[in-house]
Amino acid sequence: VWTGPSSHAVPVRRTTEVLVELAREARVTLWLVSFAAYRVPLLLAEVAAAAGRGVDVRLVLETREDSGGALHADAARAFAPVADLARFYVWPLEQRPATPSGRSAMHAKGVVVDDTAAFVTSANLTGQGLGDNMELGLLVRGGPVPRRLAAHWR
């Protein structure tokens, strides 16, 4: 899965297309995990549609405070229009291990759908991450990886 300049050498799927596809196929649980999130109207619509189908939408997002100033706003702000349709989770600062440079960051980015599909990506849920930057991801369908990732997030 790819965001960035295209190549004729290797066919790739766009990050946004995969996110939309995964949100649309969710029937039980949709996990969205990202360090940063903003300017994602298409993803907001897909989250709302999934919740409307009865999908348990769970978002693991970084906060401005816990990011140590790396974010200018809580990532959850991007999902404020669907706040009543999803569960929001954070990795509290006090539970993060200390490092020589301060505290660890919640820098993971990915999606898990119904314990059957997992998408791990370098792309944040931002306009730049989904459209402008060079980003790489891997989509895994079936097998133990989606189940293990979902179990880890639970």
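The exercises below work through a predicted model of one protein chain, each with a solution in steps.

Residues are numbered from 1 along each chain as its sequence is written. Because the model is predicted, local features need pLDDT of at least 70 and side-chain atom pairs count only at pLDDT 80 or more, while totals for chains, interfaces and linings use all residues, and side-chain values use heavy atoms, with hydrogens and water left out.

**Exercise 1. The whole chain**

Describe the secondary structure, the dimensions and the surface of the chain.

Solution. Begin with the secondary structure, which comes to 4 helices and 11 strands; helices (H or I, at least four residues) and strands (E, at least two) are DSSP runs, numbered from the N terminus.

Next, take the radius of gyration, which is computed over C-alpha atoms and set against a globule rule of 2.2 Å times the number of residues to the power 0.38. A compact globule of 154 residues would have a radius near 15 Å, and the chain agrees because its own value is 15 Å. Along the principal axes, the C-alpha atoms fill a box of roughly 40 × 40 × 30 Å.

Then turn to contacts, meaning heavy atoms within 4.5 Å. Of those between residues at least 6 apart in sequence, 70% join residues at least 24 apart.

Finally, consider burial and surface, where buried means under 20% relative accessible area, exposed over 50%, and partly exposed in between (1.4 Å probe, protein chains only). Buried residues account for 44% of the 154 residues. The chain exposes about 8300 Å², of which carbon and sulfur atoms supply 57%; these areas come from the Shrake-Rupley method with a 1.4 Å probe, and for residues only the protein chains shown count as cover.

**Exercise 2. The nonpolar cores**

Which residues touch the most other members of the largest nonpolar core, and which elements each supply at least two residues of this core?

Solution. A nonpolar core is a set of buried Ala, Val, Leu, Ile, Met, Phe, Trp, Tyr and Cys residues joined through side-chain atoms within 4.5 Å. The largest has 31 residues, and those touching the most other members are L30, L32, V57, F79 and V111. At least two core residues each come from helix 1 (15–25), strand 2 (29–34), helix 2 (41–52), strand 4 (56–61), strand 8 (110–113) and strand 9 (117–121). Helix 2 gives the most, with 5 residues.

To see one member in detail, follow L30: leaving aside residues up to four places away in sequence, it touches A23, A50, V55, D56, V57, R58, V111, V112 and V113. A second, separate core of 7 residues includes W31, V33, V60 and A150.

**Exercise 3. Two charged residues**

Are R96 and E46 buried or exposed, and what do they touch?

Solution. R96 sits in the loop between strand 5 (86–89) and strand 6 (98–99), and it counts as buried because its relative accessibility is 2%. Apart from residues up to four places away in sequence, R96 touches E62, D66, W91, R103, S104, A105 and M106.

E46, by contrast, belongs to helix 2; its relative accessibility is 7%, so E46 also counts as buried. Its contacts, with neighbours within four places in sequence left aside, are V20, A23 and R24.

**Exercise 4. Backbone angles between strand 8 and strand 9**

What is phi of D114 and of D115?

Solution. Most residues other than glycine have a negative phi. Phi is positive at D114, near 50 degrees, and also at D115, near 60 degrees. D114 lies in the loop between strand 8 and strand 9, as does D115. With a relative accessible area of 19%, D114 is buried, whereas D115 at 23% counts as partly exposed.

**Exercise 5. Separation along the chain and in space**

How many Å separate the C-alpha atoms of T121 and R103, and those of G127 and Y38?

Solution. For the pair T121 and R103, 18 residues apart along the chain, the separation is 22 Å. T121 is in strand 9 and is buried, with a relative accessible area of 13%. Neighbours within four places in sequence aside, T121 is in contact with K109, G110, L136 and G137.

For G127 and Y38, 89 residues apart along the chain, the C-alpha separation is 6.7 Å. G127 is in helix 3 (residues 127–132) and counts as partly exposed at 28% relative accessibility. Beyond residues up to four places away in sequence, G127 touches Y38, R39 and D132.
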